[in-house]
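Opening my notebook for some reading on this one. I'll go element by element and write down whatever I look up.

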Amino acid sequence: MFCKMEKGKEREGLFCMMNESKVIPKSKATSESRAWLYVILSGFFEIVWASGFKYEEVPRIVVIIAILLSFDLIIRATKVIPVGTVYAVFAGIGTIGTVIVEVIFENGSVSLLRIALILLLLACIIGLKLTNKDGES
């Protein structure tokens, strides 16, 4: 793809995003590492709002803000990373986090099987991130 540079020059191979007929150079586009940061942060916000549904100690306004922030960050991340990967990682972080919150606040049981399944989920999340560069980007 050719991108128009300053003074009418074009450069081949420079990553650009199209935004309503504007060409945005890579420096202004969301980088992949920033998109992954958005996914991780949105996962942590999911832990907050999902836990807030169960625990009355979490104020409703915090739950609402966490929902809005988590989905805003997911939307931003899907502009760079494939949506299936983003959602799988987001849901995995939220699942692992809410299980940990439940174990901490309710003195829940921590069986070997539960730990193994959480580690398996974590391995799948890491696998999705590692295969993202080779496959879908």
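**Entry 1: ground rules.** Before anything else I need to pin down what counts as an element: helices are DSSP runs of H or I with at least four residues, strands are runs of E with at least two, and both are numbered from the N terminus. I also note that this is a predicted model.

**Entry 2: overall layout.** I counted up the secondary structure of the protein chain and got four helices and four strands. Along the sequence the order reads β-β-β-β-α-α-α-α. I then checked burial: 27% of the 137 residues of the protein chain count as buried. For contacts between residues at least 6 apart in sequence, I find that 57% join residues at least 24 apart.

**Entry 3: helix H3.** Does the length of H3 fit its residue count, and why? H3 takes in residues 83-106, and its 24 residues at 1.5 Å each should span 34 Å; the end C-alpha atoms sit 34 Å apart, so the two agree. I listed its buried residues next; among them are Thr 85, Val 86, Val 89, Phe 90 and Ile 93. Three glycines, Gly 92, Gly 94 and Gly 97, are on that buried list too. What comes after H3, and what is the sign of its phi? Asn 107 follows the helix, and its phi is positive, near 50 degrees.

**Entry 4: helix H1.** I ran the span check on H1 as well. Its 23 residues at 1.5 Å each should give 33 Å, and the end C-alpha atoms are 34 Å apart, which agrees. Buried positions in H1 include Trp 36, Tyr 38, Val 39, Ile 47 and Trp 49. Glu 46 is on that list as well, so I gave it an entry of its own below.

**Entry 5: Glu 46.** Is this H1 residue buried or exposed? Glu 46 has a relative accessible area of 13%; the cut-off for buried is under 20%, so Glu 46 is buried. Setting aside neighbours within four places in sequence, I find Glu 46 in contact with Ser 70, Phe 90, Ala 91 and Gly 94. Ser 70 is 24 residues away in sequence, yet the C-alpha atoms are 6.2 Å apart.

I also looked at Ile 67, which is found in helix H2. Its C-alpha atom is 6.8 Å from that of Glu 46, with their positions 21 residues apart along the chain. Ile 67 counts as partly exposed because its relative accessibility is 25%. Beyond its neighbours within four places in sequence, Ile 67 is in contact with Trp 49 and Phe 53.

**Entry 6: H2 against H3.** How do these two helices cross? Their axes come within 9 Å and cross at roughly 145 degrees, and the crossing is right-handed. From H2, the residues Ser 70, Ile 74, Ala 77 and Thr 78 meet Val 83, Val 86 and Phe 90 of H3. Sorted by class, the contact has five nonpolar, two polar and no charged residues.

**Entry 7: salt bridges.** Side chains of opposite charge can pair when their charged atoms come close, so I went looking for such pairs. How many salt bridges does the structure hold? I found four.

Glu 106 pairs with Lys 54, with the closest N and O atoms 2.9 Å apart. This pair links distant parts of the chain, helix H3 for Glu 106 and helix H1 for Lys 54, 52 residues apart. Glu 106 is partly exposed at 39% relative accessibility, and Lys 54 is partly exposed at 47%.

Arg 76 and Asp 72 form a salt bridge at 2.9 Å, N to O. Both lie in helix H2, residues 60-78, and they are four residues apart, about one turn of the helix. Arg 76 is partly exposed at 39%, as is Asp 72 at 33%.

Arg 114 and Glu 102 meet in a salt bridge at 3.4 Å, N to O. Arg 114 lies in helix H4 (residues 112-132) and Glu 102 in helix H3, so this pair ties together parts 12 residues apart in sequence. Arg 114 is partly exposed at 27%, and Glu 102 is partly exposed at 28%. Last note: through shared partners, salt bridges join Lys 54, Glu 102, Glu 106 and Arg 114 into one network.

Note on methods:
Residues numbered from 1 in each chain as written. Predicted model: local features only at pLDDT ≥ 70, side-chain atom pairs only at ≥ 80, totals over all residues. Heavy atoms only, no water. Expected span 1.5 Å × (residues − 1). Buried < 20%, exposed > 50% of the residue type's maximum accessible area, 1.4 Å probe, protein only. Salt bridge = Lys/Arg side-chain N within 4 Å of Asp/Glu carboxyl O. Axes fitted to C-alpha atoms, helices over the stretch in contact; angles between N-to-C directions. Left-handed = near helix turned anticlockwise from the far one by under 90°. Contact = heavy atoms within 4.5 Å. Nonpolar A, V, L, I, M, F, W, Y, C, P; charged D, E, K, R; others polar.
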